[in-house]
Amino acid sequence: MARRSRLLAATAAGIALVAAPAAAPSARAADTVDVQVPNGTFAQPVAPDNGTAAGHTDWSPDNTGVVFGKTLSQHPRGYQAAALNWNGAALTMRTRLWGVKAGSSVTLTWDDSPGVDRRCKPEQVKDGQTYNVSLITTGPAPDPVVTTKGTDTVGTANWTSGRVFEFTATEDNPMVSFDSAEQRDSLSCGPLITNVAAKQTPAPVDQKVRKEQLPAPKAYRGNDPLEPGVAVDDCEGSPTNCVFTADPRYSYQYYGQTRIVGEVYINCTRNAVVDDRRMENTEPSYDNLTQYYALKGAPLVPSRSDISQSRPNLAAQAAAGFSTAGGNSAAVNTSNPLTWSRTTTKQLNPTIQPGEMSWIEVQPARERVTGSFTNARNKYRLDAVFDVPSASLPDRYYQRSGPLTETELQRCGSARPTAGTPDNGAGTDKRLLTLDAPPAGAEVLGVIASMRLQ
């Protein structure tokens, strides 16, 4: 994927950037929420106050470059800082903005300074140093667009606070990149960045997504995409391998489409009829992990049951995270559990008037749960969606009745269907079947038998 960004305007607070082709819509304060930026102040690894430490935890690639200690970086708030040039190379540093959905408006902020390495030359830092900030997406790679303030003294920082980059996310968990454009003599002299933070105006929840066709799961190892099945197997490996965190912004309760349950009763009589019936309704669960395996041609076993049977450890982790999100920090004895399937039995006694038909409809209460499984040990993350019966919202039952259609009226008015059964009890002249002549001698025997009965 290529990078893209555009210079919008220079401001007192810094440089405002916006992703092409158009500016992201302005966010209302009430809609704006913080976005998790792992290690945004480069506190890990911990460097000596006046020295450096190799790498930058949770950023990619994490095995190149260094972070400068608090004293060496000279940030006014005491933060460590990451160098965009080191060990003879111009570096690229990337991180994902977790929990940001495609279509969300994002504002990325950070602080920068020219390099403070003693190997810098005065001409390298006098007019500032250039680098690019971009959203990793399709399109051509941009030219460098950001320049730090300059400094007249080698080894002295000159921090700018509140640089701004605005964009609309083109995918879930979008990746942003900081790329040095310093290619001069000393390649260990490059700009410093720190205090990377983000806010977003979340994209609207699309409640038109069918439970039978949920969006595909996504998995990552660090910042790199991972085959979802690897993360599923990892979570299933032990009851405590993964922690599930529900996202309340994209989780919601709703009523499903109404459907007829039981029989349709048509009353062709002249009297009202009470239809005593025992109705049973089953609400199954759906999830994008089960659907993912089915689309791969390797359905889970049992393939048509809920995931609590095919992946019980993973399902238990999801249930615990759901309860925690509902305000139950211990995730036990909850009045609103994550219910994987539900069967309801009701005894109903609808009354059907003459010349009417009657039926029962149910509108099921369901819960769409969106969230992520994480394993801090190996930095796995799995984004999943579950659609289950709601335990805190009641189902709706409708007793419906209405006039008969033309076809039903004709059925009610048609002749009673009977079999053409012969009746040989009638007189010999009215019998429906002709009897064969009796065998010889049978008539005499019949007369003697008759005389004895008399």
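**Figure 1. Long-range contacts across the whole chain.** Among contacts with a separation of 6 or more, 76% join residues 24 or more positions apart. The model is predicted. The protein holds 8 helices and 30 strands. Its length is 454 residues, and 44% of them count as buried. The exposed area comes to about 23,700 Å². Carbon and sulfur atoms supply 52% of that area. The structure also contains 19 salt bridges. Several of these appear in the views below.

**Figure 2. Crossing of helices α3 and α6.** Helix α3 covers residues 228-236, and helix α6 covers residues 312-325. Their axes come within 7 Å. The crossing angle is roughly 85°, which makes α3 roughly perpendicular to α6. On the α3 side, V232, C235 and E236 make the contact. On the α6 side, the contact residues are P312, N313, L314 and Q317.

**Figure 3. Surroundings of helix α3.** How many of the 9 residues of α3 are buried? The count is 7, so the helix is largely enclosed by the rest of the structure. The buried set is P228, G229, A231, V232, D234, C235 and E236. Of these, V232, C235 and E236 also take part in the contact with α6. Helices α4 (288-295) and α6 pack against the buried residues of α3. Strands β17 (218-221), β18 (224-226), β28 and β29 do too.

**Figure 4. Helix α4 and its neighbours.** Helix α4 is mostly covered, with 6 of its 8 residues buried. Those residues are N288, L289, T290, Q291, Y292 and Y293. Which elements pack against the buried residues of α4? The helices are α3, α5 (307-310) and α6. The strands are β24 (286-287) and β29. Helix α6 and strand β29 are also packing partners for the buried residues of α3.

**Figure 5. Salt bridge K379–D58 between two loops.** The side chains of K379 and D58 meet in a salt bridge, at 3.3 Å from N to O. K379 lies in the loop between β28 (365-375) and β29 (380-389). D58 lies in the loop between β5 (52-54) and β6 (66-68). The two residues are 321 apart in sequence, so the pair ties together distant parts of the numbering. Are these partners buried or partly exposed? K379 is partly exposed, at a relative accessible area of 42%. D58 is partly exposed as well, at 31%.

**Figure 6. Salt bridge R163–D112 between two strands.** R163 forms a salt bridge with D112, and the closest N and O atoms are 2.9 Å apart. R163 sits in strand β14 (residues 160-168). D112 sits in strand β11 (residues 105-113). The pair links distant parts of the chain, 51 residues apart. R163 counts as buried, at 4% relative accessibility. D112 is buried too, at 0%. Side chains of opposite charge can pair when their charged atoms come close.

**Figure 7. Salt bridge R366–E283 and its network.** The closest N and O atoms of R366 and E283 are 2.7 Å apart, in a salt bridge. R366 belongs to strand β28, and E283 belongs to strand β23 (residues 277-283). The partners lie 83 residues apart and link distant parts of the chain. Both R366 and E283 are buried. Which residues does the network join? Salt bridges with shared partners connect R259, E283, R366, R368 and D387.

**Figure 8. Nonpolar surface patch around I260.** I260, V264 and I266 form a nonpolar patch on the surface. Together they have about 220 Å² of accessible area. I260 lies in strand β21 (residues 259-266). Its relative accessible area is 46%. That value makes I260 partly exposed, because the partly exposed class lies between 20% and 50%.

**Figure 9. D179 and L84, a pair apart in sequence.** D179 lies in strand β15 (residues 175-180). Its relative accessibility is 7%. D179 therefore counts as buried, the cut-off being under 20%. How far from D179 is L84 in sequence and in space? The two are 95 residues apart in sequence. Their C-alpha atoms are 6.9 Å apart in space.

How values were computed
Residues are numbered from 1 along each chain as its sequence is written. This is a predicted model: local features need pLDDT of at least 70, side-chain atom pairs count only at pLDDT 80 or more; totals for chains, interfaces and linings use all residues. Side-chain values use heavy atoms; hydrogens and water are left out. Patches are made of residues with over 30% relative accessible area and no salt bridge: like charges are joined within 9 Å, nonpolar side chains (Val, Leu, Ile, Met, Phe, Trp, Tyr) within 5 Å. Accessible areas come from the Shrake-Rupley method with a 1.4 Å probe; for residues, only the protein chains shown count as cover. A salt bridge is a side-chain nitrogen of Lys or Arg within 4 Å of a carboxyl oxygen of Asp or Glu. Helices (H or I, at least four residues) and strands (E, at least two) are DSSP runs, numbered from the N terminus. Buried means under 20% relative accessible area, exposed over 50%, partly exposed in between (1.4 Å probe, protein chains only). Axes are lines fitted to C-alpha atoms, for helices over the stretch in contact, and angles run from 0 to 180 degrees between N-to-C directions. Angles under 35 degrees count as roughly parallel, over 145 as roughly antiparallel, 65 to 115 as roughly perpendicular and the rest as oblique. Contact means heavy atoms within 4.5 Å.
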